[in-house]
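Here is a short briefing on one protein model. Keep the sequence and the 3D view open while you read.

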Amino acid sequence: MIKALGYAASTATSALAPIEFERREPGSRDLVLELLYCGICHSDIHYARNEWGYSRFPIVPGHEMVGRITSVGSDVSNFKVGDLAGIGCLIDSCRHCAPCQDHEEQYCHKGVTMTYGSKERKDTNVISQGGYSTNYVVDTDFALRIPSSLDLKGVAPLLCAGITTWSPLRRWNIGPGDKVGVVGLGGLGHMAIKFAHAFGADVTLFTTSASKAADAMSLGADSVIISKDTDAMKAAREFDFILDTVSALHDINPYLSALKRNGTLCLVGLPDQQLAFKPSLVLSNKIISGSLIGGIKETQEMLNYCGENNIIADIELININEVNEAFERVVSGDVKYRFVIDLETLKNN
Ligand code: NAP
Ligand code: ZN
Ligand code: ZN
């Protein structure tokens, strides 16, 4: 077993606090990483607060990690000690079912092993713990290569916010000539704007926060609609594709109305309550879709593209002891646009 230090929630209502714990013994196909940076995803907050109702405690959150490899197993040939590596939301899967064969491990029929809160496949006595910590043990097939040209602090959020927005934009073939809406300007939303703009689409941000309009334009949006303005929402029409990244209960019907015939509303946000929609989507053949992160192969493609096109997240770097305040600020929409923890500060904590 490997000793680790982290920040954990011990119940759904407790603040995150330092914890010492053990990771599983690394095997011949495993890497051990010394973690450098970890992003704070809204999913970490949903999970730490048990908003989805299935959290296991204590839990060390974090699934947007970048680190340096400190040891490799004897059967590892694709990474060596000293290399940088990334870890996202997935650390293992059955590898045999149809989704796994299709490189969509996130939909594994046997249940994907998540970065935190899952029973480890290689040691079922151990529950995986996330990246707000000093180190990580991961199977080499689930580690990502980090383009050397990019600032590592801004790379960490690509491992979840990046792939979660990249994957549906690619699946729905977004490109020049497409009119794309992004709902919500947070961690996911700001990556969605960057990617949709890079793919050549005309991008509109729908936001509840008028104060974010100027930032949206500099991130690559072509226009901004304040979603509280009912007249502006009624005037929003003929969108090919809208990506909804909202983390809380909200009305999706205005976005369905804004789609053109055959248009798609894709949900990636995971509010803890049910979203209702009117059957009026029947009248113009509209589609409601969903999308969960992305597979390992696709995540690597996204990282390579970011390396070639110099795309990273806009981040606020924090010390580990600021993590509880950061959680509150994410919930109130006060982050530009992803918090990333400098894990060096955990060692001296
Ligand atoms: P975030 O940084 O908190 O951004 C969410 C944004 O949603 C906020 O910035 C805000 O944008 C908007 N919003 C919040 N409350 C709202 C409300 N009541 N009504 C309307 N808009 C509201 O969160 P995130 O890290 O981007 O994650 C977003 C959601 O995606 C979370 O639910 C998370 O769990 C989920 N997620 C899903 C996947 C997946 O694989 N599908 C992966 C990662 C995360 P404005 O201020 O611009 O309105
Ligand atoms: Zn996430
Ligand atoms: Zn599988």
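## Zinc site

Four cysteine sulfurs coordinate the zinc ion (ligand 3): Cys94 (SG), Cys97 (SG), Cys100 (SG) and Cys108 (SG), at 2.3 to 2.4 Å. The model is predicted. The points below cover this site, then a sheet, then one serine.

**Geometry and spacing of the zinc site**

- The four donor atoms around the zinc ion (ligand 3) subtend angles of 105 to 118°.
- The arrangement is tetrahedral because these angles all lie between 85 and 135 degrees.
- Along the sequence, the donor residues of the zinc ion (ligand 3) follow the spacing C-x2-C-x2-C-x7-C.
- Cys94 sits in the loop between β6 (90-92) and α2 (98-101), while Cys108 sits in the loop between α2 and β7, so this pair ties together parts that are 14 residues apart in sequence.

**Burial of two zinc donors**

- Cys94 has a relative accessibility of 14%, and Cys108 has 7%.
- Cys94 counts as buried because its value is under 20%.
- Cys108 counts as buried by the same cut-off, under 20%.

**The six-stranded sheet**

- Six strands form an open sheet with parallel pairing, in the order β11-β10-β9-β12-β13-β14.
- β11 (223-226) and β14 (287-290) stand at the edges. Each has a single partner strand, so one side of each is left without a neighbour in the sheet.
- From one strand to the next, the twist averages 20°.
- Strand β9 (residues 179-183) and strand β12 (residues 239-244) run parallel and are joined by four bridges.
- Val183 has Asp244 as its bridge partner in β12.
- Helix α4 (residues 161-171) packs on the sheet and touches β12, β13 (259-267) and β14. The direction of helix α4 makes about 160° with that of β12.

**Ser133**

- Ser133 is found in the loop between β7 (113-114) and β8 (135-139).
- Is Ser133 buried or exposed? Ser133 has a relative accessible area of 0%, so this residue is buried.
- The Ser133 side chain reaches the backbone oxygen of Gly130 at 3.1 Å.
- Which residues does Ser133 touch, not counting residues up to four places away in sequence? They are Leu5, Gly6, Phe21, Arg23, Leu35, Val60, Leu343 and Leu346.

Terms used. Residues are numbered from 1 along each chain as its sequence is written. Chains are lettered from A and ligands numbered from 1 in the order in which they are written. This is a predicted model: local features need pLDDT of at least 70, side-chain atom pairs count only at pLDDT 80 or more; totals for chains, interfaces and linings use all residues. Side-chain values use heavy atoms; hydrogens and water are left out. Helices (H or I, at least four residues) and strands (E, at least two) are DSSP runs, numbered from the N terminus. Buried means under 20% relative accessible area, exposed over 50%, partly exposed in between (1.4 Å probe, protein chains only). A polar contact is a pair of N or O atoms within 3.5 Å; within protein, one must be able to donate a hydrogen and the other to accept it, and residues adjacent in sequence count only if both atoms are side-chain atoms. Contact means heavy atoms within 4.5 Å. Two strands pair if DSSP finds at least two bridges between them. Axes are lines fitted to C-alpha atoms, for helices over the stretch in contact, and angles run from 0 to 180 degrees between N-to-C directions. Donors are N, O and S atoms within 2.8 Å of the metal (3.2 Å for Na, K and Ca); water is not among the atoms, so sites may look incomplete. Four donors count as tetrahedral if all angles lie between 85 and 135 degrees; four count as square planar and six as octahedral if opposite donors are over 155 degrees apart and all others between 65 and 115; anything else is irregular.
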